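Visitor: I'd like to learn how to read a structure like this, one feature at a time. Can we start with a pair of side chains and work outwards?

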Amino acid sequence: VRHLAPSSVTPSLASSLLPSFGALRYCPRVWLGRFLHTLHPHLPAFTPRDFANTYTAFERLRYVPKDDWLFEFQMGARLVLPRCGTQELLCIARALSVLSNNVASYRVEPDFLASLLMRCRAIAAAEFSPADCANLAQSLVYLKAAPGTGLLAALAAPFSARMDEADDADVVGLLWALGAFWRSSSECLWMRQHPQLIQELLRRVGVAMGRLGPLQLKRVVAAVAAMSVNPGQAWLAAHEAAVVAQLPELYAASLEQVLCCYRGLGYSASQGKLLQEALAAKRDAERRKQQQMQHLQQQQQQQQMAAVAAQQAEQQQEW
């Protein structure tokens, strides 16, 4: 690829080549900068799929182009948003969320995000699957962006209508996102006026409780606590039993958050003593591990200093 002629660089080539680097998690930054410079005149010819694939490549590479190139790229993407389908929109939303959380210098352009969400709102009710709804909602959480009541309603409609197609990850993901949106007054009011979706999500989580992993268990109880919703003693008891079963896999911070949520919900865990002892043991184990790593780092530094000193002594003897 180093020897590509400028005339051979096209949108279709970029759309296939850049994701290949992304799949390999290989980012040749110097070459990539030159390639994007050559690609710049072709941006107006990009299709929605070209933009989505390129965004996905940047996401996987944790790469953000220079400001002037990125500005033109986002302007082009904004122009094609009215022609973007579900998958293009979801790819772009995910890329924005990953880049904004992993590349310190990257900031999502507010007008571009607003246009993206407007397009999602226009097609969600007719074209989004439950998985699509959950994925977009979670991307918005990572973007720290409220969906607005219009988009929230547009996501709720297809999810509720096709709930039987949703898997456990979809249900947990949407419930967790709704818990995050609860902090925004408009969305909170809408959800209080339309509680059916949350009630159905809680029912589905209750059925799936024994299948949920550690992160999912933490997220569902965090969402319930954030919304101050009472899922019932049976639901919380089932959650506690699942947490106990997953204790070896839970990090101390996650277990601590779960116990905090229990207290916020007024739930007295039947195995509270066991959970508190497990939390203390996990904290102690993590503390010892950190101390061991620090000790190992100190040893390595001492060895490096000793090697440098020995090398300097040999040089002095030679002189």
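Guide: Sure. Start with Glu200 and Arg203, whose side chains meet in a salt bridge, 2.7 Å from N to O. Keep in mind that this is a predicted model.

Visitor: What is the general idea behind such a pair?

Guide: Side chains of opposite charge can pair when their charged atoms come close. In this case Glu200 and Arg203 sit 3 residues apart in helix H11, so about one helical turn separates them.

Visitor: Are Glu200 and Arg203 buried or exposed?

Guide: The cut-offs help here: buried is under 20% relative accessible area, exposed is over 50%, and partly exposed is in between. Glu200 comes out at 27%, so partly exposed. Arg203 has 44% and is partly exposed too.

Visitor: Which residue forms a salt bridge with Asp284?

Guide: That's Arg288, with the closest N and O atoms 2.2 Å apart. Both residues belong to helix H15, which covers residues 272-318, and their spacing of 4 residues is about one turn of the helix. Asp284 is partly exposed at 28%, and Arg288 is partly exposed at 42%. There's a further partner to look for: salt bridges with shared partners join Asp284, Arg287 and Arg288 into one network.

Visitor: How many salt bridges does the count come to?

Guide: It comes to 8. Another one to look at is Asp168 with Arg211, at 2.8 Å from N to O. Asp168 is in helix H9 (residues 168-181), while Arg211 is in the loop between helix H11 (196-208) and helix H12 (214-227), so this pair ties together parts 43 residues apart in sequence. Arg211 has 53% relative accessibility, which means it counts as exposed.

Visitor: While we're at helix H9, what can I read from Ala169?

Guide: Ala169 has its place in helix H9 and is partly exposed, at 43% relative accessibility. Try a distance as well: Ala169 and Leu140 are 29 residues apart along the chain, and 16 Å lies between their C-alpha atoms.

Visitor: Now a residue from another helix. Is Thr56 buried or exposed?

Guide: Thr56, in helix H3 (residues 48-61), has a relative accessible area of 13%, so it's buried. To see what it touches, skip the neighbours within four places in sequence: Thr56 is then in contact with Cys91 and Ala95.

Visitor: And how do contacts look across the whole protein?

Guide: Take the contacts with a separation of 6 or more: residues 24 or more positions apart account for 76% of them. As for burial, 46% of the 319 residues are buried.

Visitor: What does the secondary structure come to?

Guide: There are 15 helices and 0 strands. For overall shape, compare two numbers: the radius of gyration is 25 Å, well over the 20 Å from the globule rule for 319 residues, so the protein is more spread out than a compact globule. Along the principal axes, the C-alpha atoms fill a box of roughly 75 × 65 × 30 Å.

Visitor: Let's finish with surface and charge. How much of the accessible surface belongs to carbon and sulfur atoms?

Guide: Those atoms own 52% of an accessible surface of about 17200 Å². For charge, count both signs and then ask where their centres fall: the protein has 30 positive and 25 negative side chains, and the centres of the two sets are 2 Å apart.

Conventions:
Residues are numbered from 1 along each chain as its sequence is written. This is a predicted model: local features need pLDDT of at least 70, side-chain atom pairs count only at pLDDT 80 or more; totals for chains, interfaces and linings use all residues. Side-chain values use heavy atoms; hydrogens and water are left out. Helices (H or I, at least four residues) and strands (E, at least two) are DSSP runs, numbered from the N terminus. The radius of gyration is taken over C-alpha atoms; the globule rule is 2.2 Å times the number of residues to the power 0.38. Buried means under 20% relative accessible area, exposed over 50%, partly exposed in between (1.4 Å probe, protein chains only). Contact means heavy atoms within 4.5 Å. Accessible areas come from the Shrake-Rupley method with a 1.4 Å probe; for residues, only the protein chains shown count as cover. Lys and Arg count as positive and Asp and Glu as negative; His and the chain ends are not counted. The place of a charge is taken as NZ of Lys, CZ of Arg, CG of Asp or CD of Glu. A salt bridge is a side-chain nitrogen of Lys or Arg within 4 Å of a carboxyl oxygen of Asp or Glu.
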